[in-house]
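Biologist: I would like to learn how to read a few features of a model. Please give the general idea and then the case here.

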Amino acid sequence: MDKPIRLSIYKITLKKWKELKMPRKMRLSDINLMFASLSQNNPDPQTELMFQNPYTLLVAVVLSAQATDVGVNKATKRLFAEAATPEAMVALGLEQVRSYIKTIGLFNIKAKNVLALSKILIDQHGGGVPEDREALEALPGVGRKTANVVLNEAFGKPTIAVDTHIFRVSNRTGLAPGKTPDAVEQQLLRRVPERYKKGAHYWLILHGRYICKARKPDCASCSIEQFCLFEQKTS
Ligand code: SF4
């Protein structure tokens, strides 16, 4: 007699536990409205990184790992004036590249990566930037996030790179909850309507950077507050 009762209690407890652990998800109809609002406020979102062509975009994104866009722009302004192509970067040499980017964190390894990837672009891609994820991710210092930014910004692909801001906004709002950047990216690709996928990356980054900030989200100024499921909104 004991066994079924225990089993049934266990099942109920497990169900409740699962319910408690289930992340809350924003309704698809609200996602649509949320992006309509974000796109209305900023119809043509742009990266805040300065670049002149796909190559300088790639270099700027590689340099931006664990650095601010403002800091990267300060360094690349002079660097790109001297070297806006892989050939010019290789001609500049390691010491010069290091001196241009020394204000950016991890500049030693980043300088080596920029030179190594420039040589590969010359040797294997005719000096151009490949429009292909696999080839991009094979370059030194280029991971999935960097490849996503380049594919989106330089080639207009509907990719969504998940950085710290997008990870936070996606989880707080219930737009695309996930425990890892990859999990959030997959959720975003499934849940963001097609027509908003190209701009989603920048709308979410800018929203996380200036409104839904890490320490204290500015919920009172938030244009998507009505759709957000975050339980600790600020007043
Ligand atoms: S309401 Fe607050 S927590 Fe939700 S997205 Fe806006 S700023 Fe972020």
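Modeller: We will take one helix, two loop residues and the ligand shell in turn. This is a predicted model, in which local features need pLDDT of at least 70 and side-chain atom pairs count only at pLDDT 80 or more, while totals for chains, interfaces and linings use all residues. Residues are numbered from 1 along each chain as its sequence is written.

Biologist: Which residues of helix α6 are buried?

Modeller: An α-helix has 3.6 residues a turn, so residues three or four places apart point the same way. Helices are DSSP runs (H or I, at least four residues), numbered from the N terminus. A residue is buried if 20 or more other C-beta atoms, placed from the backbone, lie within 10 Å of its own, exposed if 12 or fewer, and partly exposed in between. In α6 (residues 94-101), Val97, Tyr100 and Ile101 are buried. They cover an arc of only 85° (directions from the helix axis to the C-beta atoms), which puts them on the same side of α6.

Biologist: Where does phi turn positive in a residue other than glycine?

Modeller: One case is glutamine 66, with phi near 55°, in the loop between α3 and α4. Glutamine 66 counts as exposed because it has 10 C-beta neighbours inside 10 Å. Another is leucine 106, with phi near 60°, in the loop between α6 and α7. Leucine 106 has 14 such neighbours and so counts as partly exposed.

Biologist: Which residues come nearest to the ligand?

Modeller: A residue is near a molecule if its C-beta atom, placed from the backbone, lies within 6 Å of it. Of the 13 residues around the ligand, Cys212, Pro217, Cys219, Cys222 and Cys228 come nearest.

Terms used: Helices (H or I, at least four residues) and strands (E, at least two) are DSSP runs, numbered from the N terminus.
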